[in-house]
Amino acid sequence: MILLEPNSYVLEETLLARFTSEKPEIVDITLVDFDNVVYHVQTSAEQRNLLNLSVEMKYFNEVVEYGAQDILKREYGDYLVPTANPQYQITLQFNLEQLPADKAALAKHVSMLKRNMLASSFIRAFEYWESQQEGAGPLMTTHYRDNEAIYVQAQQDRVTVIFSTLFKEEVDRVLGKVFLQEFVDARRQVSIQNAPQVLYSSREPPLEIRHLSNLRQDESVGYVSFVLFPRHFADMESREKTISQIQLFRDYLHYHIKCAKAYMHSRMRLRVQEFLKVINRAKPDRVTAASDKRTATGRYMRPHLRQPTSPQHVESDW
């Protein structure tokens, strides 16, 4: 089992290839990341030294309410274009003749754009915890996929993160339930007591979001709750690590469900091959002689062999 990287690897490789190219070229590439995020890398024929990166996020207006615009200006202010291209919400422009010396670090940092935008609600929840205000903070909702959302709410002693995930197929529903139950049981092991508390419900939404309207309550929807304690976000290093890992939970879950299905299918194919070998070995071997002939009914008939006539029995005309 692996952990997915928080950045977009294909975007990083695409940008690094353009940054390190000796001769600027005309580029028009469209890339798709997790959560239906679209990247458009483009240069024009008139100004090949200017590389534009446009990003489309369906949930951009939601994360802007939680401070995503401030994060965007702080992290990418030098390359941010005030007016984005049509259909896109963010546009960054890079002058290929005036890039910093460490081009690989720049490509890596830009490939973290989706992660940084989605981190706005988590950062706001951590700031609410630092303010030591009484009562629970506001419930922040991000519909990062169709019919799926992330709910983040801060309290005085913890931060609760709830994922609603949709299983469209019956097999995925069964495997997802088993997989998520293992998350709950694994928390009880002594070796991972530092992990956040995990709660799972297959149909009933948690108490924190039960008051919301238009929540689906059927067998195809599951709710996973992570309870983050101060040890998970007290210092900056732990905070950044927690944000990067918990954002990819939904992709991590469905990725390993697909891996489990592929593994079971390979084992079933191997078992079928073994059964076919047993059946083939059980078939009797029939050896048909070259001299065998068939009758009109399809039966085999072996011709009678006549004994050669001995010389003393041959009648003579004399």
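Biologist: What share of the chain's accessible surface belongs to carbon and sulfur atoms?
Modeller: This is a predicted model, in which local features need pLDDT of at least 70 and side-chain atom pairs pLDDT 80 or more, while totals for chains, interfaces and linings use all residues. Residues are numbered from 1 along each chain as its sequence is written, and side-chain values use heavy atoms, without hydrogens or water. Accessible areas come from the Shrake-Rupley method with a 1.4 Å probe, and for residues only the protein chains shown count as cover. The surface comes to about 20000 Å², and the carbon and sulfur share is 52%.

Biologist: How many helices and strands are there?
Modeller: Both are DSSP runs numbered from the N terminus: helices (H or I) have at least four residues, strands (E) at least two. For this chain the tally is nine helices and eleven strands.

Biologist: Which helix gives the most to the largest nonpolar core?
Modeller: Such a core is a set of buried Ala, Val, Leu, Ile, Met, Phe, Trp, Tyr and Cys residues joined through side-chain atoms within 4.5 Å. This one has 64 residues, and Leu 53, Phe 94 and Val 161 touch the most other members. With five residues, the top contributor is helix H6 (residues 120–131).

Biologist: Is His 256 buried or exposed?
Modeller: His 256 is found in helix H9. Buried means under 20% relative accessible area, exposed over 50%, and partly exposed in between (1.4 Å probe, protein chains only). Because its relative accessibility is 8%, His 256 counts as buried.

Biologist: How far apart are the end C-alpha atoms of H9?
Modeller: Helix H9 covers residues 249–282, 34 residues in total. The expected span is 1.5 Å times one less than the number of residues, which means 50 Å for H9. The model agrees, with its end C-alpha atoms apart by 50 Å.

Biologist: Which strands are at the edges of the open sheet?
Modeller: Two strands pair if DSSP finds at least two bridges between them. Four strands run in the order E1-E2-E3-E4 with antiparallel pairing, and E1 and E2 (residues 38–42) are joined by five bridges. Those pairing on one side only are E1 (28–32) and E4 (90–95).

Biologist: Which residue in E2 stands opposite Thr 30?
Modeller: Contact means heavy atoms within 4.5 Å, and this E2 residue is also among the contacts of Leu 53 beyond four places in sequence. Thr 30's partner is His 40.
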